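User: I am new to this structure. Please take a close look at one part of it and walk me through what surrounds that part.

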Amino acid sequence: RDDEDTFKILIATDIHLGYLEKDPVRGNDTFVTFNEILEQAQKNEVDFVLLGGDLFHDNKPSRKTIHSCLESLRKYCMGDRPIHFEILSDQAVNFQYSKFPWVNYQDGNLNISIPIFSIHGNHDDPTGADALCALDILSCAGLVNHFGRSTSVEKIDISPILLRKGRTKIALYGLGAIPDERLYRMFVNKQVTMLRPKEDEDSWFNLFVIHQNRSKHGATNYIPEQFLDDFINLVVWGHEHECKIAPVPNEQQNFYVSQPGSSVVTSLSPGEAVKKHIGLLHVKGKKMKMHKIPLETVRTFYMEDVVLADHPDLFNPDNPKVTQAIQAFCMEKVEMMLDNAERERLGNPRQPDKPLIRLRVDYTGGFEPFSIFRFSQKYVDKVANPKDIIHFFRRREQKAKNDSNINFGDLVSRPVSEGMTLRVEDLVKQYFQTAEKKVQLSLLTERGMGEAVQEFVDKEEKDAIEELVKFQLEKTQRYLKERHIDAVEEKIDEEVRKFRECRRKNAEEEDEEVREAMTRARAHRSEDAVLVSASSDEELMDTGAKAYGDSDDDLPATATRGRGRGRGRARGARGQNSTVRGSSRRGRG
């Protein structure tokens, strides 16, 4: 029941504002659904909205995305409705990275009716010389309360935001996205601490928001639930896009985990085909209840798998017309999915017209794929993703593992849902570990190079690789000088190899190296931007001077005299140095 002791919290994650914003069909999907989420918050008169990261799809969102986001927040989150809960913790600690370290609804210059608390995700994480993210813009504007940020690679202390409404008290913990391998290692080394209130610590409902890999993507590329403290009551898990919003108990740790999933389809995988929901969480005392709210404006997504070898009565690889038969079979499957989508849309007028359709065809067994381009042309006006309707793939036979030969073609061509998600740094590491001896790294480490390449690709830090190379080269040179190594090539090579192995084993030192190199790269980029800006200003002035100096030569005599008189009189009046009124050049001089 709604009363003065019950918190009502709207929970959502991974909204990905700006995803495919230039697509003529799907460009506005994220903005429409974000409006629906805030509309539900207003309709249900929630105390606050809790977002689990990745509000934006891009690290540097476009002006259109920022504008649409601000428009929605101002429309739904500002007003005269009173706030019925209070904050008991030190806000200077909770919002220490903000220029305005207090919750937005307590700002006397703002009129907030629905506060929003959000952590950052891996898509909109802080970057650049000043380590800012898009959420910091919203925080500075007073529209979002950005919390859960940590910059240390040595120790993380998570201090909760302490909330109270009547007799119900919530300790809200948050941890923004951190590279999974680093956070995994910090948990193992006991470097992550969740601080608890000193008074009546057992009377608080402990709510933790995290944005990390939940499913296993590698030995250490995820965060096991067992790493989290057992005093937590509910974990809201962002980053994973499959909707599993109903709280699931973890019997070992005695807490519940809710995975709201994304509010937009960003990949054509089975997890995204699950119906999208947001959650309305009621908390009273130490008890909670999660109410699922289906999202009505999300574009429907239907997916089906076809294995041609399972239909020997329909398809014979030796038949010359088997390709046409496969194409007709696929068209029938697509039409069935379109019919299902149309029936679902008739019951919900807010749903977009064109659905997303995906048919994965396994053509193992001697079959040949048909032209996807020609097939997709038939559905341009019926589906939102005509180019991606069909996905052909072949299952490869399991071969004996041979670590020395890794076929990257096999890794890249496998569907995302069937294998681990590939990351740039993993590919770089595998490449150098399996490369021939003559092209293996002898000075740099694979981990450092992988991190630098990821910064180059994901964050557009164009100097990342160069600065890492310079940094590690300088460090190695200092090491050799301190050791007073003889100028013998064999000895130098041996010492460099030892120094490299030492760095590889010390993961924390290597993290510090990469961080220092990235800081230098960002500073270098900032200097370049200043120089480019200054040079462009000079060029603009030169161009303007040339334009003014040369333009009169092309004018007729009458125009020259007219312009000359006006300018000559003005200059002469100021400087008393123009005597010939008919000459435009002398008038300017």
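Analyst: Strands β14 and β15 form a hairpin, with two residues between them. Gly285 sits in the turn and has a positive phi of about 65°. This is a predicted model, and everything here is read from it. The two strands run antiparallel, and eight bridges join β14 to β15 (residues 287-294). One pairing to look for is Ile278, whose bridge partner in β15 is Ile293.

Strand β14 leads inward. β14 (277-284) is among the elements that give two or more residues to the largest nonpolar core. The others are β1 (7-12), α1, β2 (48-51), α2 and α4. This core has 32 residues. Within it, Leu10, Leu55 and Leu73 touch the most other members. A second, separate core has 26 residues, including Ile9, Val103, Leu281 and Val283.

Now follow helix α2, one of the contributors to the largest core. Helix α2 covers residues 63-77, 15 residues in total. From first C-alpha to last, α2 reaches 21 Å, close to the 21 Å expected at 1.5 Å a residue. Which residues of α2 are buried? They are Thr65, Ile66, Ser68, Cys69, Ser72, Leu73, Tyr76 and Cys77. Seen down the axis of α2, these buried residues fall within an arc of 165°, so they line one face of the helix. On the other side, Arg63, His67, Arg74 and Lys75 are exposed.

What does the buried side of α2 pack against? Its partners are α1 (29-43), β4 (116-118) and α4 (134-140). Leu73 shows the contacts residue by residue. Leaving aside neighbours within four places in sequence, Leu73 is in contact with Phe34, Leu38, Met78, Ile116, Leu138, Leu143 and Val144.

Cys69 deserves its own look. Cys69 is buried, with a relative accessible area of 1%. The closest cysteine sulfur to that of Cys69 belongs to Cys77. The two sulfurs are 9.2 Å apart, too far for a bond. A search of the whole structure finds zero disulfides. Another cysteine, Cys133, is also buried, at a relative accessible area of 5%.

Helix α1, a packing partner of α2, holds Thr30. At 2% relative accessibility, Thr30 counts as buried, because the cut-off is under 20%. Not counting residues up to four places away in sequence, Thr30 touches Ile15, His16, Leu17, Gly18, Tyr19 and Val264.

Next, a sheet. An open sheet of seven strands has the order β3-β7-β8-β10-β11-β13-β12, with mixed pairing. Its edge strands are β3 (86-87) and β12 (244-250), and each pairs on one side only. Two bridges join β3 to β7 (residues 161-165), and these strands run antiparallel. Here Glu86 has Arg164 as its bridge partner in β7.

Last, look further along the chain. Phe471 is found in helix α11 (residues 464-483). Is Phe471 buried or exposed? Phe471 is buried, with a relative accessible area of 13%. Beyond its neighbours within four places in sequence, Phe471 is in contact with Glu513, Glu516, Ala517 and Arg520. Phe471 and Glu516 are 45 residues apart in sequence. In space, they are 8.3 Å apart, C-alpha to C-alpha.

Terms used
Residues are numbered from 1 along each chain as its sequence is written. This is a predicted model: local features need pLDDT of at least 70, side-chain atom pairs count only at pLDDT 80 or more; totals for chains, interfaces and linings use all residues. Side-chain values use heavy atoms; hydrogens and water are left out. Helices (H or I, at least four residues) and strands (E, at least two) are DSSP runs, numbered from the N terminus. The expected span of a helix is 1.5 Å times one less than its number of residues. Buried means under 20% relative accessible area, exposed over 50%, partly exposed in between (1.4 Å probe, protein chains only). The arc is that of the directions from the helix axis to the C-beta atoms. Contact means heavy atoms within 4.5 Å. A nonpolar core is a set of buried Ala, Val, Leu, Ile, Met, Phe, Trp, Tyr and Cys residues joined through side-chain atoms within 4.5 Å. Two strands pair if DSSP finds at least two bridges between them. A disulfide is a pair of cysteine sulfur atoms within 2.5 Å.
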